[in-house]
Amino acid sequence: MRVAPLVLRLMCLAWLWTVSHNSSHFPNKRRHKEQYGENTKHKHGGRVDLKMKKLDSTKSLLIKSEQLLRIEDHDFAMRPGFGSTAIPVGIDVQVESIDSISEVNMDFTMTLYLRHYWQDDRLAFPSSNNKSRTFDARLVKKIWVPDVFFVHSKRSFIHDTTMENIMLRVFPDGNILYSVRITVTALCSMDFSSFPLDTQNCSLELESYAYNENDLMLYWKNGNDSLRTDEIVLSQFFIEDFQPSFGLAFYSSTGSYNRLYINFILRRHIFFFMLQTYFPTMLMVMLSWVSFWIDRRAVPARVSLGITTVLTMSTIITGVSASMPQVSYVKAVDIYLWASFLFVFLSVIEYAAVNYFTTVEEMKKLKRAKIPNSYNATQAMAFDGCFHDNDIDLTSFPEVSSTPNTERNTQSRNSTVSGLSRNSTVSGPTEGTRLRRKYPLKLSLSFIMSNSYMIDSYSRVIFPMAYLLFNIIYWSMYA
């Protein structure tokens, strides 16, 4: 009887121990459920967040690449083959475009693909199929690359859309191709003495910044074929030639450096400047000649025409100067514009001379003629100069009465002339004829002043012929 209660107690103890042992595992199950619930929080509408997974895979791939190339086993702050001969670095350039050329700033902007070729045995890796491996900018920061820069550059940047435009390709034997897409704005020393009929020689220069010729040797990878260009079309220039070259640059403090040149020749299109500058200038000069066919007494018409052409030429000169750099020498376009301005200005001066001589001539006629009070308005207009001198009829005016004194003076002058004519056959020219030959210019001026209308007649021929001769000389020199 005592055994039965003892057995029951043992059974109860065994049941309690089993229950307590199972309850100790429940928190672990609950913890697993909570972790599973947290993982399910990354799901939004059936979409799984794969960002962390992608970063982890990239990180693991980068670690594998670093291990394959043994990056941690070497000091890539030093160049390959440090302490021995200079490392050769080949350069290959493909010009994508010439974006702009500025005459005011004297520079140009170019976009190009710059490729470097060298060998680094530290990056050699075993490969069964002898295939290269390609990486982006993230691995470039961990290895040694040449420090090539652009001499005389003002601005430059590496394109970074959508990622940095950098490519690194490593071959199993340690040969490396490093390519980068760059836009650079560099200086171009331009000579505008023949502008706009000029040809400009510009160059983009590449050089190592830290390594002189004893440490790094830059060279064109494929000679003249190392420079390739796409089809480039510019608005104001025609590209005549692209040519690579090389040389040495010496600095007194650091030594000599290898320098590579990308030379290109630009020839300017003239048609734009013909339409904007030369044709309007020619028309203004020809317009100033119209005043030679306008009556010399039409003062408002001739003065307004002359002033208009002068102001228009000033506007053209100002517009051309504003789009050019302030150089200290004379340009070809300046010669043409200022010569044309001189022709326009002389046409205004010509009318001033015509008007002055006409006024002097009329004043002399008014002083010589004794005009009665009974002449009509038509005769007054004739004296005022509205008609040509040979059209003026002075027969209607009364003749001046002669006096004994005037008759004696006339007879004495006639006798003097007849005596001079008789003596000329014996004794040669007299003093009066010598004086006449001595002052031919004064006589010519007196003749022109007494016939001022002839100035316009001569100007109609002299001005066009002189301007035509100037154009022939100008275009034969610069074209």
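Me: With which handedness does α5 pass α7?
Reply: This is a predicted model in which local features need pLDDT of at least 70 and side-chain atom pairs pLDDT 80 or more, while totals for chains, interfaces and linings use all residues. Residues are numbered from 1 along each chain, and side-chain values use heavy atoms, without hydrogens and water. The crossing of α5 and α7 (helices being DSSP runs of H or I, at least four residues, and strands of E, at least two, numbered from the N terminus; left-handed if the near helix is turned anticlockwise from the far one by less than a right angle, right-handed if clockwise) is left-handed.

Me: Are α5 and α7 roughly parallel or antiparallel?
Reply: α5 (residues 271-288) and α7 (residues 332-368) have axes 9 Å apart and pack at an angle of about 15° (0 to 180 degrees between N-to-C directions of lines fitted to C-alpha atoms, for helices over the stretch in contact). The two helices are therefore roughly parallel (under 35 degrees).

Me: How many residues of the contact of α5 with α7 are charged?
Reply: Tyr278, Met282 and Val285 are among the α5 residues that meet α7, whose side includes Tyr336, Leu337 and Phe343 (heavy atoms within 4.5 Å). The contact residues comprise 9 nonpolar and 5 polar ones, and the number that are charged (Asp, Glu, Lys and Arg) is none.

Me: Which strands stand at the edges of the open sheet of 4 strands?
Reply: The order is β6-β10-β14-β13, with antiparallel pairing (at least two DSSP bridges). Two strands have a single partner each, so one side of each lacks a neighbour in the sheet: β6 (148-151) and β13 (237-251).

Me: Which residue in β14 is the bridge partner of phenylalanine 246?
Reply: β13 and β14 (residues 255-268) run antiparallel, joined by 14 bridges. In β14, phenylalanine 246 has as its partner leucine 260.

Key:
Angles under 35 degrees count as roughly parallel, over 145 as roughly antiparallel, 65 to 115 as roughly perpendicular and the rest as oblique.
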